[in-house]
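Here are a few notes to go with the model. Have a look at it first, then read on.

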Amino acid sequence: MTSLLTVSDATAESPKLLKYRFRGEEEAAVSVNYFDFGGKAEAARLLCFHGKVSFNDFRYAREQFRAKKAAGKLPFGQMPMLEYQSTFIPQTNSILRVCARVSEDQTLYPVEDIVGCGKIDAILDLDADIFTGVVVANYKERFGFDFLNEESEAAKVQGVRENLRNRVFPSHLANLERLVGEGGWLGGDWKNPTIADFNFGPRLQYLRDNSLGEPFPLTDFPKLEKFLEQFYQLDSVKEYYSMLN
């Protein structure tokens, strides 16, 4: 894969900027806006790199994000956010679909295959079933559960975390594992990964490593473990991380 990465360090006014260019292109097809870590933007970054979509990767400090939010420059007041043709697009799943359609690799989201895309979309929606409890437990005030930050509620919050680990995660992960196809990818017997795989690669790594402050092993889900290994052995994924190191 021929690619070029240039990095501009952050200033007080401007976020850190990583520019990825393919085929000698000078302009970016899209811009990804997020913080300076993987998180919910990592899937879009990896997808663009894999699909050879020239992109700008803007990485904001917290205070820069707050200023952008206060100025009304973020749809829904949150990131990640994608810029494409002077339009700002929020929400991870929408971002992945746009990046896939901009890519030269149309197997990432085969829009002519209605059933296939339906399966991919269903898997993307399963992310919310798995992780909503985690997000609420970690960011209580964002969802109106500020009172759970009180010391007197600590035992209840810990009970929720244990319930997520012991019942919620295993149930949904069992459903996800049944969707691993013969080729090792999610949702069908695809020969190549789709946007569903690019979403769940980083998400399962996050779940396994530190979703609730401690690891959640995937040893009971061998197909998902194998999927995760296969995803991070993609040449594009390995090259992306080697360029960052």
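1. Start with the cavity: G39, K40, A43, T92, N199, P202 and R203 line the largest one. A cavity here is a set of points, on a 1 Å grid over the protein atoms alone, where a 1.4 Å probe fits but cannot get out, and lining residues have an atom within 4 Å of a point. Three of the lining residues, the largest share, come from α6.

2. A quick word on what you're looking at. This is a predicted model, where local features need pLDDT of at least 70 and side-chain atom pairs count only at 80 or more, while totals for chains, interfaces and linings use all residues. Residues are numbered from 1 along each chain as its sequence is written, and side-chain values use heavy atoms, without hydrogens or water.

3. How big is that cavity? Its volume is about 40 Å³, counted as the space filled by probe spheres set on the grid points. Searching the whole structure turns up one cavity of 30 Å³ or more.

4. Now for α5, residues 154-177 (helices are DSSP runs of H or I, at least four residues). Its 24 residues should span 34 Å at 1.5 Å a residue (times one less than the residue count), and the end C-alpha atoms are 33 Å apart, which agrees. There is also a bend of about 45° at L164, taken between axes fitted to the seven residues ending there and the seven starting there.

5. L164 is also among the buried residues of α5, as are R161, R165 and H172 (buried means under 20% relative accessible area with a 1.4 Å probe, protein chains only). The cover over α5's buried residues includes α4 (114-138), α6 (195-210) and α7 (222-232).

Methods. Helix = DSSP H or I, 4+ residues; strand = E, 2+ residues; numbered from the N terminus. Buried < 20%, exposed > 50% of the residue type's maximum accessible area, 1.4 Å probe, protein only. Contact = heavy atoms within 4.5 Å. 1 Å grid on protein atoms, 1.4 Å probe; cavity = no way out; pocket = protein on both sides within 12 Å on 5 of 7 lines; lining within 4 Å.
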